[in-house]
Amino acid sequence: MKAHRTKRTVGVVGLLAALVLTASGCSTAPAKAKPQPVAILGQEPQKKVADYDPATAILDPEWGPAFGEDRAVSTPIAAAGIKILSAMFDEHPEYTVEGFVPTDANWNEAAARFKPLVDGAAFQEMETEWTSTKELPVLTSYGSGVDKDGEHTYTFTTESGQPCTYTAEPYATNMEGVSLTARPDESGTQVPVFSGHVTLAVSCKEGGILRGQMVTWFPMTKVGDAWLMMGSYESYLTPGFKIDTSGQDRG
């Protein structure tokens, strides 16, 4: 997995630190046949991002003073954010396997999907990322470098030093939750900020399953009647990714 490092945060000051706290406590307060993620270690069927109920989004303490507690206001914003997050996590499990190298056709498909969901600055940022690093605005294990054999492999190393080299088996993802908060933009105006939490399970060549959570957040703006991602997004991995070797069934 790669955590997207946004270059432009639209003046959302201190948001990353706030969302790390949110992530750590979110459980108490989200044509061609494609390879599909398997049921890893007997897990229940995966919860897709698209199936998450936007009316149940957690409203952070900063939300109410800026936008009130009326769900008629928050739910459409959460719904728009979920649609964007779904495009990132639900659509292309085949992008998460070892050796995947994105092509112009992949970018064109992503561009067509995201352009109606984001504002002009956000789309330009995605386009720039593609042009400069060949990075798509979706969950992907693609690494820009090649290994000693000239292959595009990707090895994640946990905080404890355990390596996990990806396989031909796609990630399994589970939607855990959504939260909304408010932060000032560059002009000092409070804007809504969407945060989605997705748990990942990745099969490792070394054995076992890498497990952990990714948080993706972005500010939002209203254009006409639609809520769009504003400026850019960031995805980051929360602390505590671990390799689970208990009860694995790799047959």
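**Warm-up: an aromatic cluster**

Trp107, Phe123 and Trp130 make up one aromatic cluster. Before you dig in, note that this is a predicted model, where local features need pLDDT of at least 70, side-chain atom pairs count only at pLDDT 80 or more, and totals for chains, interfaces and linings use all residues. Numbering runs from 1 along each chain as its sequence is written, and side-chain values use heavy atoms, with hydrogens and water left out.

**Exercise 1.** Find the residue that lies over the face of Phe123.

*Solution.*
- Start with the rule: a charge sits over a ring if NZ of Lys or CZ of Arg is within 6 Å of the ring centre and within 35 degrees of the ring normal.
- Lys115 fits the bill, at 5.1 Å from the ring centre of Phe123.
- Phe123 also belongs to the aromatic cluster with Trp107 and Trp130.

**Exercise 2.** Work out how the rings of Trp63 and Phe67 are arranged, and how covered each residue is.

*Solution.*
- Rings of Phe, Tyr and Trp (its six-membered ring) pair if their centres lie within 6.5 Å; planes under 30 degrees apart count as stacked, over 60 as edge-to-face and the rest as tilted.
- Searching the whole structure turns up 8 aromatic pairs.
- In one of them, the ring centres of Trp63 and Phe67 are 4.6 Å apart with planes at 40 degrees, so this pair is tilted.
- Both residues sit in helix H2 (residues 63-67), 4 residues apart, or about one turn of the helix. Helices (H or I, at least four residues) and strands (E, at least two) are DSSP runs, numbered from the N terminus.
- An α-helix has 3.6 residues a turn, so residues three or four places apart point the same way.
- For cover, buried means under 20% relative accessible area, exposed over 50%, and partly exposed in between (1.4 Å probe, protein chains only).
- Trp63 comes out buried, at a relative accessible area of 0%, while Phe67 is partly exposed at 23%.

**Exercise 3.** Do the same for Tyr154 and Tyr166, and say which parts of the chain they tie together.

*Solution.*
- The ring centres of Tyr154 and Tyr166 lie 5.3 Å apart and the planes meet at 45 degrees, so call this pair tilted.
- Tyr154 is in the loop between helix H5 (120-133) and strand E2 (155-157), and Tyr166 is in the loop between E3 and strand E4 (172-184), so the pair ties together parts that are 12 residues apart in sequence.
- Tyr154 is partly exposed, with a relative accessible area of 22%; Tyr166 is buried at 1%.

**Exercise 4.** Track down the disulfide and describe its link.

*Solution.*
- You're looking for a pair of cysteine sulfur atoms within 2.5 Å.
- The search of the whole structure gives 1 disulfide, joining Cys164 to Cys204 with an S to S distance of 2.1 Å.
- The angle about the S-S bond is -95 degrees, and the link is left-handed.
- It connects distant parts of the chain, 40 residues apart: Cys164 is in strand E3 (residues 163-165), and Cys204 is in the loop between strand E5 (190-203) and strand E6 (209-223).
- Both cysteines, Cys164 and Cys204, are buried.

**Exercise 5.** Map the pairings of strand E6, using one residue opposite another as a landmark for each partner.

*Solution.*
- Two strands pair if DSSP finds at least two bridges between them.
- E5: this strand pairs with E6 in the antiparallel sense over 11 bridges, and Leu200 stands opposite Gly212. The two form a hairpin with 5 residues between them, and Gly207 in the turn has a positive phi of about 105 degrees.
- E7 (residues 226-229): 4 bridges, antiparallel, with Thr221 opposite Leu228. Their hairpin has 2 residues between the strands, and Gly224 takes a positive phi near 65 degrees.
- E8 (residues 234-237): 4 bridges, again antiparallel to E6. Val215 faces Tyr236 here.
- E9 (residues 242-244): 3 bridges to E6 in the antiparallel sense, with Leu210 opposite Ile243.
- As for cover, E6 is mostly tucked away: 11 of its 15 residues are buried.

**Exercise 6.** Find the side-chain partner of Thr181.

*Solution.*
- A polar contact is a pair of N or O atoms within 3.5 Å; within protein, one must be able to donate a hydrogen and the other to accept it, and residues adjacent in sequence count only if both atoms are side-chain atoms.
- Thr181 is in strand E4 and buried, at 3% relative accessible area.
- Its side chain makes a polar contact of 3.3 Å with that of Arg183.
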